[in-house]
Amino acid sequence: MAEVLDLTNIVIHDEQGKVLYWTTGCQRLYGWSRDEALGQVLHDLLKTRYPLPRAEIVRQLRKRGSWQGELEQQTKDGALVSITSLWVARPTADERNSSVLQINSDITALKRTQAELVTREAHLRSILDTVPEAMIVIDARGVVTSFSAAAAQLFGYGPDDVIGRNVKMLMPAPYREEHDSYVGRYLATGEARIIGYGRVVKGLTKGGEVFPMELAVGEAQASGQRIFTGFIRDLTARQKMEEELRQSQKMEAIGQLTGGVAHDFNNLLTVITGNLEMLEPSLNNPLDREMLREAQDAVQDGAKLTAQLLAFGRRQPLNPEPTDIGPLVSNFAELLRRTLGEANELSVVTTGSTHLAVVDAPQLQNALLNLAINARDAMPGGGRLTIEISHARLDADYAQMYPEVRTGPYVLIAVTDTGEGMSDEVRQRAFEPFFTTKPTGAGTGLGLSMVYGFVKQSGGNVQLYSELGRGTSVRVFLPLVEGVEKTAGSTVGRAEVDAMPGGSETILVVEDDPRLRRVVCSRLRNLEYQVIEADNGSNALALLATRPEIAMIFTDFVMPGGMNGNDLAEAAVAAKPNIKVLFTSGYAAPDAARRQLRAGAWLKKPYTAIELAEKIRHVLDGPAV
């Protein structure tokens, strides 16, 4: 027994610390032999650091007979060791000169391990507090044992509100009701539906908001107990972006369809207009002439309808120029007030100065007029329409929500009413052509779709915000132009003419629609031009090579067969540099004509006989390309 005790770390000393007994275990722990230690003051020898004053330890020892605590001591070679020490009083027979039995255990390795664990835990906590995905740890009963900072931000609960409670509190129905049975089934059978997989589910915030989230769950065992770690990613922004992209693609598809229909319809209108004009001189009966005028008015109404369709499809002809939006809207305000009526108030607010954008001013005014009409109809009992013009910068975060948007500076035109507002269903379809909530015959359903197409074609973006009972705000973003001088636009009325200008030059007419080609050729021949016909670009080039007298090509911009009007013009100018070219189309934008040839060499379908005559003469009399 004595040999066993000698191997342990036991020291006997008096109350002042003088060493009376020193075991082999102490020699092995501290490095001092028995002869070196005996008679020494222990706390001086080992440079002991106590958790409280030594006198207090002695006092407790006398009162209680024992004391236990942790010490820091130093070995003979200077190494620090951590010690858990038990002191037991050993009174003498006279109970005056008592000694102390001190049993020391080396816990240096344990302390080092604990420090490493604390460091690792702090490191892990810092990771959990900064990782963007939320993390929740639960036990086999579904009780939350860990709740990261990202989870607190996502769900709105603090860790103290959640830890110790069932994770079901973060789930809406039906997930809440299914959770316990699912976990129980997994523990009993091993059937996994989420564990080890990713799944899109719903979460419930502290405020009662349900949101989509991606949940991935992993399983581990700690101290014989199963724990489940869930990583959660909020999908709200991503699903909104995907929905915006789907909506954008749908609108693009509808725009392609409506643009194509409008193009074909414009060809039909041009044929009808041409035949009516050629028929007019032969009518002597006043009743017949009245019927003809009604037919011509109907053609004009059809042309307006196709113009709205083209606006939505982003294929309307635009004449964009640098324009200061503030003065443009202010000068247009009086017409908007008359449109709104006396029961509604109009306010135009311009923040800052020089809101310059390259835009077709009349078309922008037409878009604002459509928005004002919609606002008036949404405020039958009267209300307020506010048009705010300011600068705005769309950043990368905004572009993530709306994939078609380019970042940068914009002119923002916010048109806000205090009307009835829209439901979510109506708001999602508001820009679709022919969609309307108005009674039959009260609207075409093309007003907002025209605004949408015009803004997109102008390189901008349009967003609609609306709530039932609170009103609607349409925000139009047009790219801001800096360092460009404004062009003072003016509208000059065309003087009435008694006779249409004609000529004797030879004109090559290129048109794939045979009916329209016949009408155009008849009109030009009536103007005494020499006319050659071709139904596509390849045939037109072949005729140009063999007919040197051709002075002009009058061509449709969009044609089948792989060669459009622009391709034809390039080839024709290369072969005959002095050739004049005039484009026509129902929806091709005229900027291509401006880039390839010269400004003005473009005629929009449907056109009247006098428009055709004047444009032909204008191009023929103009300078060479």
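Trainee: Which residues of H17 are buried?

Mentor: In this predicted model, the buried residues of H17 are Leu-516, Arg-517, Val-519, Val-520, Cys-521, Arg-523 and Leu-524. What earns them the word is a relative accessible area under 20%.

Trainee: What span does H17 reach, and what is it set against?

Mentor: Helix H17, residues 514–526, has 13 residues and reaches 18 Å from its first C-alpha to its last, which is close to the 18 Å expected at 1.5 Å a residue. After H17 comes Glu-528, whose phi is positive, near 75°.

Trainee: Why is Ala-430 called buried?

Mentor: Buried means under 20% relative accessible area, and Ala-430 has 8% relative accessibility, so Ala-430 counts as buried. This residue is found in the loop between helix H15 (424–429) and helix H16 (447–457). Ala-430 and Ser-449 are 19 residues apart in sequence, and their C-alpha atoms are 7.6 Å apart in space.

Trainee: How many cavities of 30 Å³ or more does a search of the whole structure find, and what lines the largest?

Mentor: The search finds one cavity of 30 Å³ or more, and the largest cavity has a volume of about 50 Å³. Its lining consists of Val-509, Val-510, Glu-511, Leu-516, Val-520, Phe-554, Asp-556, Thr-584 and Tyr-607. The elements that give two or more residues to this lining are strand S18 (506–510), H17 and strand S20 (550–556).

Trainee: What makes S4 and S5 a pair?

Mentor: Two strands pair if there are at least two bridges between them; strand S4 (residues 80–90) and strand S5 (residues 99–106) have eight bridges in the antiparallel sense, so they count as a pair. Trp-87 has Gln-102 in S5 as its bridge partner, and Arg-90 stands opposite Ser-99 in S5. S1 and S5 pass the test as well, because five bridges join them, again in the antiparallel sense. Ile-10 stands opposite Ile-103 in S5.

Trainee: Why do S2 and S3 have one side without a neighbour in the sheet?

Mentor: The sheet is an open one of five strands in the order S2-S1-S5-S4-S3, with antiparallel pairing. Strand S2 (19–22) and strand S3 (66–74) stand at its edges, each with a single partner strand, so one side of each has no neighbour in the sheet. On average, neighbouring strands of this sheet are turned by 25° against each other, direction ignored. Helix H5 (residues 54–64) packs on the sheet and touches strand S1 (10–14), S3, S4 and S5, with a direction that makes about 150° with that of S3.

Trainee: Which strands stand at the edges of the sheet that contains S12?

Mentor: That sheet is open, has five strands in the order S12-S14-S15-S17-S16, and shows mixed pairing. The edges are held by strand S12 (344–350) and strand S16 (461–467), each of which has a single partner strand, so one side of each is left without a neighbour. The twist averages 15° from one strand to the next. S16 and strand S17 (residues 471–479) pair in the antiparallel sense over seven bridges, and the bridge partner of Ser-466 in S17 is Thr-472.

Trainee: Which strands does H12 lie across?

Mentor: Helix H12 (residues 325–340) lies across S12, strand S14 (383–394), strand S15 (408–417) and S17, and runs at about 180° to S12. Helix H13 (residues 361–378) also packs on the sheet, touching S12, S14, S15 and S17, and its direction makes about 30° with that of S15.

Key
Residues are numbered from 1 along each chain as its sequence is written. This is a predicted model: local features need pLDDT of at least 70, side-chain atom pairs count only at pLDDT 80 or more; totals for chains, interfaces and linings use all residues. Side-chain values use heavy atoms; hydrogens and water are left out. Helices (H or I, at least four residues) and strands (E, at least two) are DSSP runs, numbered from the N terminus. Axes are lines fitted to C-alpha atoms, for helices over the stretch in contact, and angles run from 0 to 180 degrees between N-to-C directions. Contact means heavy atoms within 4.5 Å. Buried means under 20% relative accessible area, exposed over 50%, partly exposed in between (1.4 Å probe, protein chains only). The expected span of a helix is 1.5 Å times one less than its number of residues. On a 1 Å grid over the protein atoms alone, a cavity is a set of points where a 1.4 Å probe fits but cannot get out, and a pocket is an open set with protein on both sides within 12 Å along at least five of seven lines; lining residues have an atom within 4 Å of a point. Grid points are joined across faces, edges and corners, and a volume is the space filled by probe spheres set on the points.
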